[in-house]
Every structure is written in structure tokens, then in C-alpha cells.
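Please open the structure in your viewer and keep the sequence beside it. The stops below say what to select next and what is there.

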Amino acid sequence: MPASPSTARAINDRLALGLLQQEGPLTAGRLKQLTGLSRPTVADLVERLTAAGLIAVVGESGEQRRGPNAKLYGIVADRAHLAALDVRTEGVAVAVADLVGRVLAEASVPIDGDMGTGPAVEQAVALVERVVKEAGADRLHTVGIGAPGLIDPASGELRDSGGLPAWHRRLVAALQERLPEARVSVENETNLAALAEQREGAARDRDTFVLLWLGHGTGAAVVLDGALRRGASGGTGEIGFLPVPGTAALPSATDCAGGFHSLASAAAVVDLAARYGMSPARGEGPSAVGVVRAAVGVVEAAVGRVREAGGAVVAPESSAGRFLDALADRLAVGLAAVVAILDPGCVVLGGEVGRAGGEPLAARVRDRLARMTPLPTEVRSTTLGGGAVLRGALLTARERAQEELFRPRDRALPPS
């Protein structure tokens, strides 16, 4: 059945707006080429979107012959402002952007674990308000929040968890109260990191992959056939609870200490490094990122010396290399179970620790997986690191805002 005129207009409008988002400002002539629509149809949609305040003339093309088609049309970026939050156990980071995703201001603040729920929430909300002011935004249209823990698939709310600070759950409600006009949503931090890696990071060429988050704790995100999978209760990827060999006990429903978490969490990585005499680089505290970065530095320096000497690219045995080998052994144990069930074809080592490990750690995990499973699996290092959560929150906030603002008020656009 052919589309009605109103539906056809809606489809054309969405197509043009999508191109303007992806390509930046375009002339009407270029829109005609990219959409395949007729010149009168493009003229109509340009007039319609301009009247709706969604696009405007932002300049002229470099064409020598001036005329209507030489005008450059772009999305009205300040039509709406967005905020993204990365909520961690020890603090919160905030970024404010315009409708096309250009970051206008960002900041972060640590939050003391001994601080009460009320003061912690107030400090986080105050940071949001300060960054909004620095961005020159009058109000926020959409707020995207990334937080650790389970998201209830029915309500979209962060579920109560004894392992997370109480201020996490209260923050979502507080932001909705202080920003009554904004659309506030929360998503698991690892899921947002995976979306960012898929759109802009290490998994841009993959529609099926698993992200292993290596930070303060551990987590995983599963993307199958281009879609993020959350599971029946929102718990897909709670890999910290995965029973694995090499731990002192089994995990419980309320404690992942006996699971994969006890092998790959930040505290476990620091303890493992101590066994091999590894310490962070000078000026860094005893963190997992610090010890992994220091080990990679030692290994890469050794490889560099071998190259200079004209030998084979094999680093001499060192405590740093043995530490990275042991860490790769641990990561491969958990990932082998994931690969056996999902066969994702690609695993991204994400988070701050994944980025610190880089290719030296990814290569070690790749080699071990190749020996443990018959399923071919690429192992890549994140290109976004810990910033992937904030980036993913911003991308989802932008999509939600555009979905609403780009929908004509007198008719609903068909689903994308």
C-alpha cells in the first residue's frame, strides 16, 4: 500500500534531518542528490523544516554561481540542550551539549563515600546546574545518565542494590524534580560504553560484539545483530557474578566476591601486580590503571630496545610481562565462557584498565582465547576508555531529543 502524503512527507523530513546530522550543513542541491528526491520535494521539505525551526541557513557553499541551492542548511543546534552524566561510586562527571552533539561544557567532581545521601545528591545536582550555566543553556531538554547496577526493564529505573551508594538512586529522582521540563533517563554504564564503542570507538565495524568493562568493578555489555541486549531483568552482562575457577568461593545472590569480580576488579588487579613486584609509575597512586600502564610501559620499552638491536620482536622475560600474562589468563577465563555461549566474534576490553592495557594486554587475551575455544574471536582494546560512558550517555540523550523534536506535531513519524 502506498504511503499517504502526510506519511511520505514525514519520511522525507526524517531522511533529510538524518543526513544533516551525519553530514553537517548541506545545500538543497546536495540534499536532492543524497535523497534521490525531486527538486520540488526537497524545496518543500526545506521550507517545512525551516518553518518548524528545525533547520536554518547557516552559510553558503563554495559554488561560484550564487542562487537558492548555494545556501547551506543546517540543524538549529541550540534548539535544545542535552546533559550526560557518568555516575561512579566515587564521583560524577557531567557534559552539556547542543542538539547536534557538540559538547559545550563539561566537568567532574569527586564525592566522598562518607558523605550522606542528601549532601552527595546536592553536590551532584549542583555540578549539573553549574555546567549547564557554563554551557550558556537556558534549560535542558534531555538528560542521559550512566550508572552502575541493574536497570529495571519495565520501569527504566535504577534498581536498589546494597553494593551501590544510596545517592545513586536518589540522584535520578532529584534531577527530575529540579529539572521538571527535562526528560531524564538512566542506563547501565557498561551498556552505554558499548553503544559509544559501536558508534565511535573500537567496534565501529561490528554489529555483534561483547564489551568487557574493566574499571573499579567488572561488567559486560552484549550487542547482537546491532541491538543492545539487556535480558529479562536487565541483568545481561553481570559478569562479576560468573562462577570461575581460581576463586576462593562461589558468588552469592548478594555478593559477587566469589565470582569473576574477584579476579578482574581493580582491587584484584592491584593485588596481582603486587605479587609480581609491579608498582605504578612515579606520581601515580596504587591503582589498577597505574600498575597496568606501568607494566605496558616496561614491556613496550623492552620491545623497542629489541627492535633497535635488530632482533626478533620478542620482549625479554620480565616481571611486567609475567604480570600482564597472569592478568590475561584471568580475563580469558571469564571471556571463554561468554564466547562459548554467545560466539560474538569480537570482544572489546573497555574501561580505564582496558585502555591502560592497550594492544599488549589485548594480544595476550586474544592468544589465550584462541587456545581455549574453537570459535574465532577478535580481542580489541577500547579507543574511548573510561570516557565511553559519558559519550554513550550523550549519544542516547541526543537520539531521544532528536526523536521527539524531529517528529512533526500534527502526525507521528513511522518508527526508524
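**A tour from sheet to core**

Begin with the open sheet, in which five strands follow the order 6-5-4-7-8 with mixed pairing (strands pair if DSSP finds at least two bridges between them; helices, H or I of at least four residues, and strands, E of at least two, are DSSP runs numbered from the N terminus). Strand 6 (103–110) and strand 8 (183–188) stand at the edges with a single partner strand each, so one side of each has no neighbour in the sheet. This is a predicted model, in which local features need pLDDT of at least 70 and side-chain atom pairs count only at pLDDT 80 or more, while totals for chains, interfaces and linings use all residues. Residues are numbered from 1 along each chain as its sequence is written, and side-chain values use heavy atoms, with hydrogens and water left out.

Select strand 5 (residues 91–98) next: seven bridges join it to strand 6, and the two run antiparallel. Within strand 6, S108 is the bridge partner of A93.

Now add helix 6 (residues 189–200) and helix 12 (residues 388–405), whose axes come within 7 Å and cross at roughly 80° (axes are lines fitted to C-alpha atoms, for helices over the stretch in contact, and angles run from 0 to 180 degrees between N-to-C directions). These helices are therefore roughly perpendicular to each other, a term for angles of 65 to 115 degrees. Among the residues making the contact (heavy atoms within 4.5 Å) are L192 and L195 of helix 6 and V389 and L395 of helix 12.

Finish at L211, which, leaving aside neighbours within four places in sequence, is in contact with residues including A193, E197 and V348.

Key: Parallel < 35°, antiparallel > 145°, perpendicular 65-115°, else oblique.
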